[in-house]
Amino acid sequence: MTMRIGVVTFPGSLDDRDAARAVRIAGGEAVALWHGDADLHAVDAVVLPGGFSYGDYLRCGAIARFAPVMGALIDAANGGLPVLGICNGFQVLCESHLLPGALVRNDSLHFVCRDQRLRIESTTTPWTSDYTVGQEIVVPLKNGEGGYVASEAVLDELEGEGRVVARYLELNPNGSRRDIAGISNARGNVVGLMPHPEHAVEALTGPTTDGLGFFTSILKGLVEA
Amino acid sequence: MTRHPDTVADAIAHPEREQPYDQLGLKPNEYDDIRTILGRRPTSAELAMYRVMWSEHCSYKSSKVHLSQFGDKKPETDKLLVGIGENAGVVDIGQGWAVTFKVESHNHPSYVEPYQGAATGIGGIVRDIISMGARPVAVMDPLRFGAADHPDTRRVLPGVVAGIGGYGNCLGLPNIGGEIVFDSCYQGNPLVNALAVGVLRHGDIHLASAKGVGNLVVLYGAKTGGDGIGGASILASETFDDGGPTKRPAVQVGDPFMEKLLIECTLEVLHAGLVEGIQDLGAAGISCATSELASNGEGGMHVRLDAVPLRDATLTPEEILMSESQERMAAVVTPEKIDAFLAICAKWDVTADVIGEVTDTGRLIIEWHGDVIVDVPPRTVAHDGPVYNRPYARPSWQDALQADVPDALARPTTAVELHDTVLRMVGSPNLASKTWVTQQYDRYVLGNTVLAQPEDAGVIRVDETSGLGVALSTDCNGRFAKLDPYNGAKLALAEAYRNVAATGAEPLAVTNCLNFGSPEDPDVMWQFERAVTGLADGCLELGIPVTGGNVSFYNQTGDVAIHPTPVVGVLGVIDDVALRTPIAFGTVGDVVLLLGTTRDEVAGSEWAHVVHGHLGGLPPAVDLEAERQLAQVLVAASRGSLVTAAHDVSDGGLVQVLVEMALRHDVGADITVPDGVDAFVFLLAEATARAVVTCAADRVDELVALAGAHGVPVERIGEVTGTDELRVGPAYGESLAWGLHDLRTVADATLPALFD
């Protein structure tokens, strides 16, 4: 049976089509979820895509966090539903307190779009099980407010519990603390990632196909579960 | 506070009232024309409408007589589904798909307020695309600034780039290319042009007309505010003078989030079949939308201006008519479908209000709280504005400029001098890496970007199943156009055409953004007439039609105009984007070949500009037949997977091409200067109709035969070595070598050093 991965569209979501395409290329069924609909339509996992939900006005992700769909999603995530937040989705997850810390304006003060080298640090999440620990991948990164910050205690906790999922290599593009590109919650089912694996799933349009692993991981994990 | 407006009844009762038409930019003869049309003095609201709609920016009053050449000389084509005159032209690309594309200027606002000026330039051109029923899929920005090291360029460029990124990124449109050119002629008049491209199915084309008596006129999108009041006429239609009052309030403020909602909402109402006619609100706002919709439809419209939702309740009716608040659209909807239309707007949280209805009275009537304040024939506002055949004459200085040939300029005479000259060129602002700029733009969103900067052209996949795609390039060398506006325009066309063909796409159609100085200056008007004629002739020779365009006049400060800058955008189609040709040197052992003929042409070249600060002589010869043949070779070679890379030769000459091909993926090459060719000319002359290609060694014969069949000269000039050097020789008895690391360091350092 084909696994059904929900992709949420908030007003101002931009990479929702890309996330849905990545799900399809990986072999899953993408299910469009609407911000105003509190029903998750029995999907097996959810992607919160990149973009500028509500224009990123007030603070990135701060308004989207109160969308009806998020109430249902927060409950489901706390119950173990796999959730991947990419870029703006990561910001929404932090605003929702499903993930600790926050994302602040890039230290360069400029929006940056580049092909970014990452190291996968954890393969115990359902979104990264297809990678190997220490594997280096290149995927697009594009953000204006992608600097990951948290208290030293939280950072130590993330490191200590193996919850740093990916780290920037060669160049820290946004001033993230400890070069952190992605983290997970304690249970591991909720992952936030600032770079965009959904833009690296086809050789023709991406710098690599290295991003596909996030989507094949979740589909394989769900089949085995 | 309610103020009694100047009503039509007042205008009849008080014909003697003095009106400050000259302060509003109208000439005495234009004011007299308005009185003749109406048979009375205009009301202040009517005066506001005529004044913005008859401005240079909206009416094309100085350019119309020349622009008609694009129609008169249109080549035979069955590819044009919608031609000049609509919001944007529509081109058939096959398989039931069509593409609409257009470029517009936002020069003047971007000088006054760089961030918002550039941002709203993107917003405006994108609304042109959606009002044709197309989904916007990419943007590009041809930009020109003053000298790179001038303090004011440091103010303007970062703001413009941040504005383009801030708006375009938030809108979710990939930025796939454009140009960044520095020249002191643009110091007080930077050029910020914006191109957008959209795709649609043939059946989805929508036009701006108000059809069906009794149908409702809906204004939807952002509320109307006090920003951008009279922007088109104030900013784009006069020359800036020092010491005048600040013009900042005339610049609009953009909200890309609202524009994103507007895109999705508009496409949804169009695809649901709920719209009879549609028009974006850009320059001249409600004045333009109501008069154009009415004029193109049944001929009449009744509007209740007090139904327009306002951000600022104190706005006068004249201000509401002129406001250029962004992110607004107007649609004509039947009464039966209005509820469904409003429901979709509500789904997207987009404000929508019925502000009037279509009539067959032949009059555009606008009322304000029950008083009629406008009663005009809409055609006289929208289409029958003044037309000027402005005087033009070859400038007195043109002969001297052309006689100032670059023959006496000192050229490198030793290998060391040539080596160092190339390094200096590679790091010069116009040739240096533009990554500092382009990495502030999202090129990945939507997932269909196949090629983007620094490739020759942007390539976008249109159909994910078949691989059908389009390629786009914009180009213009303003120095060439200054030396010879007629051939300069043809050279701009040739370069964009060549860039598109280099990716493997077949060139199909042309758009343009004609940036010039004041039309009231006969020198400038001569440049304009020559450039338009050159472009029209060139398009006819190449067999690709102009689908639309934009004119920006008054790009001058005092008596000093910018170089004539006819930016040309060429659209091409590629049947399978998987076959696109990139610029990068790839496989070690591939053979490097030069297509075309190198001639000793350096007038107006980047070398003359950078090394000698010289501009004189005649630009490179333009040979459009050679361009056409070269393009045929490049397209056929791409379709047959015969070439592994291709890069057109233009600014900076052949050596710049080789440097860019090597640096793209850090792959070196060894190049041989052909016997009997001067190394300087070989590397730095800017002869046109040339491209460098690479080809697998065992397929060189095929490529040579292909070029021969099309009459294109081809010469084997080297090999991809994969080393970390670009080597060229013999040059004055020696071999030149540049380390790729050194070249990258030099190329990458320039813009960050200037603008970080």
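**Close-up views of chains A and B**

**View 1. Where chain A meets chain B.** In this predicted model, 23 residues of chain A are in contact with 24 residues of chain B. On the chain A side, helix H1, strand S6 (112-120) and strand S7 each contribute at least two of the residues that touch chain B. Sorted by class, this side of chain A holds 10 nonpolar, seven polar and six charged residues.

**View 2. The nine-stranded sheet of chain A.** Follow the strands across this open sheet of chain A and you will meet them in the order S2-S1-S3-S4-S11-S10-S9-S6-S7, with mixed pairing. Strand S2 (29-34) and strand S7 (136-143) of chain A are the edges, each pairing on one side only. On average, neighbouring strands of the sheet are turned by 25° against each other, direction ignored.

**View 3. Strands S1 and S3 of chain A, with helix H1.** Here strand S1 (residues 4-9) and strand S3 (residues 45-48) of chain A pair in the parallel sense over three bridges. Look for Val7(A), which stands opposite Val47(A) in S3(A). Helix H1 (residues 16-26) of chain A lies across S1, S2, S3 and strand S4 (83-86), and runs at about 175° to S1(A).

**View 4. Two packed helices in chain B.** Helix H19 (residues 485-502) and helix H22 (residues 624-639) of chain B pack with their axes 9 Å apart, at an angle of about 10°. H19(B) and H22(B) are therefore roughly parallel to each other. Among the residues that meet here are Ala494(B) and Tyr497(B) from H19(B), and Leu630(B) and Leu634(B) from H22(B). The residues of this contact comprise nine nonpolar, no polar and three charged.

Key: Residues numbered from 1 in each chain as written. Chains lettered and ligands numbered in written order. Predicted model: local features only at pLDDT ≥ 70, side-chain atom pairs only at ≥ 80, totals over all residues. Pairing = 2+ DSSP bridges. Helix = DSSP H or I, 4+ residues; strand = E, 2+ residues; numbered from the N terminus. Axes fitted to C-alpha atoms, helices over the stretch in contact; angles between N-to-C directions. Contact = placed C-beta atoms within 7 Å. Nonpolar A, V, L, I, M, F, W, Y, C, P; charged D, E, K, R; others polar. Parallel < 35°, antiparallel > 145°, perpendicular 65-115°, else oblique.
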